[in-house]
Amino acid sequence: MRRPAEVSAHASILPSVKDRIPEATVRRLPIYVQALEGLSAGHDQISSEELASRAGVTASIVRKDLSHLGCLGVRGVGYDVGDLHAEIRSELGLTREWAMVIVGVGNLGRALASFGGFEAQGFRIVGLFDADPAKVGRRVAGHRIEPVADLVSAVRREGAAIGVITTPAAVAQEVAGLLAEAGVESILNFAPQVIRVPEHIELRAVDFSHELRVLSYHLNRRRSGARSEPA
């Protein structure tokens, strides 16, 4: 039974409240979804402390983040897992389907195309594209690889909202331009290259080299600290 102090997953929340959700909170929301989905069956309530432990943050951050959604837990009880999961998914737009295309069908592109978990999260691959004539016409995970020359028309035809770039760095900017011309609203760039897109397009970059350099920094600091300790 729903407790009066809890906020329904479908409760009306003023747009002005949601419009003020900080970017840092938005970046943590998918982590909360993952943590909630990892709970065992019958786990109906979760405290901010437990969710924080599973998400790798503090309980105060969890409470502040969820307050931006209008989600208020009950002292001594916590949050209703089903309601909270539904509310966060709704805020992230995961209750609808998003069509996406992948440009660049090398090792990474093939791996992404073959991943079976996207559709369950609401992301449907509607096209694979590559500039290599030797790859065009081949099939990956049931999708036929199309030439990049057909990218713009295909994106418009399929209504793709998301473009995923997994090309070599040298052509990433050109591909981003084609995706922008085609009308995609968001781009996820895996190419190790800084690209520019129009302001109305949401751009996210996943640079493995960058992340490895950051890891290298922390490893170097740790190893250097260990060497400097007195015997």
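Biologist: Where along the chain is the place of Thr-167?

Modeller: In this predicted model, Thr-167 has its place in the loop between S7 and H8, where strand S7 covers residues 162-165 and helix H8 covers residues 169-182.

Biologist: Why is Thr-167 called buried?

Modeller: The relative accessible area of Thr-167 is 9%, and a residue counts as buried when that value is under 20%, so Thr-167 is buried.

Biologist: Which residues does Thr-167 touch, if those up to four places away in sequence are not counted?

Modeller: Thr-167 touches Val-103, Gly-104, Ala-172, Val-175 and Ala-191, and among them Ala-172 and Val-175 are buried residues of H8.

Biologist: What makes the span of helix H8 close to the expected one?

Modeller: Helix H8 has 14 residues and reaches 20 Å from its first C-alpha to its last, while the span expected at 1.5 Å a residue is also 20 Å, so the two values agree closely, the expected span being 1.5 Å times one less than the number of residues.

Biologist: How do you know that the buried residues of H8 lie on the same side of the helix?

Modeller: The buried residues in H8 are Ala-172, Val-175, Ala-176, Leu-179 and Ala-182. They cover an arc of only 120 degrees around the axis, and therefore they lie on the same side of H8. On the other side of H8, Ala-170 and Glu-174 are exposed.

Biologist: What covers the buried residues of H8, and which residue follows the helix?

Modeller: The cover for the buried residues of H8 includes strand S3 (98-103), helix H7 (151-158), strand S7 and strand S8. Gly-183 follows H8, and the phi of Gly-183 is positive, near 105 degrees.

Biologist: Strand S8 leads on to the aromatic rings; how many aromatic pairs are there?

Modeller: The count comes to two aromatic pairs.

Biologist: Why is the pair of Phe-115 and Phe-118 called edge-to-face?

Modeller: The ring centres of Phe-115 and Phe-118 are 4.8 Å apart, which is within the 6.5 Å that makes two rings a pair. Their planes stand at 80 degrees, and because planes over 60 degrees apart count as edge-to-face, this pair takes that name. Phe-115 itself has 47% relative accessibility and counts as partly exposed.

Biologist: What makes the pair of Phe-190 and Phe-208 tilted?

Modeller: The centres of Phe-190 and Phe-208 are 6.2 Å apart, with 35 degrees between the planes, and because that angle is neither under 30 nor over 60 degrees, the pair counts as tilted. Phe-190 lies in the loop between strand S8 (186-189) and strand S9 (202-205), whereas Phe-208 lies in helix H9 (residues 208-228), so the pair ties together parts that are 18 residues apart in sequence.

Biologist: How do you know whether Phe-190 and Phe-208 are buried or exposed?

Modeller: Phe-190 has a relative accessible area of 14%, which is under the 20% limit, so Phe-190 is buried. Phe-208 comes to 48%, and because this value falls between 20% and 50%, Phe-208 counts as partly exposed.

Biologist: Where is the place of His-43, and why is His-43 called partly exposed?

Modeller: His-43 has its place in the loop between helix H2 (23-37) and strand S1 (45-46). The relative accessibility of His-43 is 22%, so the value is not under 20% and not over 50%, and His-43 counts as partly exposed. The side chain of His-43 reaches the backbone oxygen of Gln-45 at 3.2 Å, and, not counting residues up to four places away in sequence, His-43 touches Glu-50 and Val-81.

Biologist: What makes Asp-44 exposed, and which residues is Asp-44 in contact with?

Modeller: Asp-44 lies in the loop between H2 and S1. Its relative accessible area is 51%, and because exposed means over 50%, Asp-44 is exposed. Leaving aside neighbours within four places in sequence, Asp-44 is in contact with Tyr-79, Asp-80 and Val-81.

Biologist: Which residues of helix H5 are buried, and what is found at its start?

Modeller: In helix H5 (residues 81-91), the buried residues are Val-81, Asp-83, Leu-84, Glu-87, Ile-88 and Arg-89. At the start of H5, a side-chain oxygen of Asp-80 reaches to within 3.1 Å of the backbone nitrogen of Gly-82. After H5 comes Gly-93, with a positive phi near 75 degrees.

Terms used
Residues are numbered from 1 along each chain as its sequence is written. This is a predicted model: local features need pLDDT of at least 70, side-chain atom pairs count only at pLDDT 80 or more; totals for chains, interfaces and linings use all residues. Side-chain values use heavy atoms; hydrogens and water are left out. Rings of Phe, Tyr and Trp (its six-membered ring) pair if their centres lie within 6.5 Å; planes under 30 degrees apart count as stacked, over 60 as edge-to-face and the rest as tilted. Buried means under 20% relative accessible area, exposed over 50%, partly exposed in between (1.4 Å probe, protein chains only). Helices (H or I, at least four residues) and strands (E, at least two) are DSSP runs, numbered from the N terminus. A polar contact is a pair of N or O atoms within 3.5 Å; within protein, one must be able to donate a hydrogen and the other to accept it, and residues adjacent in sequence count only if both atoms are side-chain atoms. The arc is that of the directions from the helix axis to the C-beta atoms. Contact means heavy atoms within 4.5 Å.
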